[in-house]
Amino acid sequence: MCSPCLEALGQWKMAYPLAFQLAQQQNTYAAWRKVTTQYAHFDTRDWAYLQTWQQAQKANQEAIYKDFLTL
C-alpha cells in the first residue's frame, strides 16, 4: 500500500516507514522535509530531521536554510 493511501485512511504509523523509504529514494530536501513535518511524532530518533538538515547543507541556498529554521 502507498503512504498517501494509508495517510488518507488515518494510518500514519503504518505510512511512516513507507514515506521514509520514499524520501531515501528521492533524497531531496523537499522529500525529507515532508517526512520531518508530517511524521515528526514517529521520528523518535530524529533521523528524518537529520537527513533534512543534510539536504539543506547540500543545497546551500539561503531560502532552504530559512525554511529549515522553521522546522
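**Salt bridges and exposure in a five-helix chain**

Modeller: In this predicted model, glutamate 62 has a relative accessible area of 56% and is exposed.

Biologist: Why is glutamate 62 called exposed?

Modeller: Exposed means over 50% relative accessible area. Glutamate 62 has 56%, so it counts as exposed.

Biologist: What makes lysine 66 and glutamate 62 a salt bridge?

Modeller: The term needs a side-chain nitrogen of Lys or Arg within 4 Å of a carboxyl oxygen of Asp or Glu. The closest N and O atoms of lysine 66 and glutamate 62 are 3.0 Å apart, so the pair meets the cut-off.

Biologist: Why are lysine 66 and glutamate 62 separated by about one helical turn?

Modeller: Because they stand four residues apart in helix H5.

Biologist: Is lysine 66 buried or exposed, and how do you know?

Modeller: Its relative accessibility is 52%. The limit for exposed is over 50%, so lysine 66 is exposed.

Biologist: Which other residues form a salt bridge, given that the search of the whole structure finds two?

Modeller: Arginine 33 pairs with aspartate 67. Their closest N and O atoms lie 2.5 Å apart, and the cut-off is within 4 Å, so this is a salt bridge too.

Biologist: What makes this a link between distant parts of the chain?

Modeller: Arginine 33 is in helix H3 (residues 29-38) and aspartate 67 is in helix H5 (residues 62-69). The two are 34 residues apart.

Biologist: Why can such side chains pair at all?

Modeller: Side chains of opposite charge can pair when their charged atoms come close.

Biologist: Why are arginine 33 and aspartate 67 called partly exposed?

Modeller: Partly exposed lies between the limits of under 20% for buried and over 50% for exposed. Arginine 33 has 25% relative accessibility and aspartate 67 has 24%, so each counts as partly exposed.

Biologist: How much of the chain is buried?

Modeller: Buried residues make up 30% of the 71 residues.

Biologist: What is the secondary structure of the chain?

Modeller: There are five helices and zero strands, and the pattern along the sequence is α-α-α-α-α.

Biologist: How do you know that the chain is as compact as a globular protein of that length?

Modeller: The radius of gyration is 12 Å, and the globule rule gives 11 Å for 71 residues. The two values are close, so the chain is as compact as a globular protein of that length. The C-alpha atoms fill a box of roughly 35 × 20 × 20 Å along the principal axes.

Key:
Residues numbered from 1 in each chain as written. Predicted model: local features only at pLDDT ≥ 70, side-chain atom pairs only at ≥ 80, totals over all residues. Heavy atoms only, no water. Rg over C-alpha atoms; globule rule 2.2 N^0.38 Å. Buried < 20%, exposed > 50% of the residue type's maximum accessible area, 1.4 Å probe, protein only.
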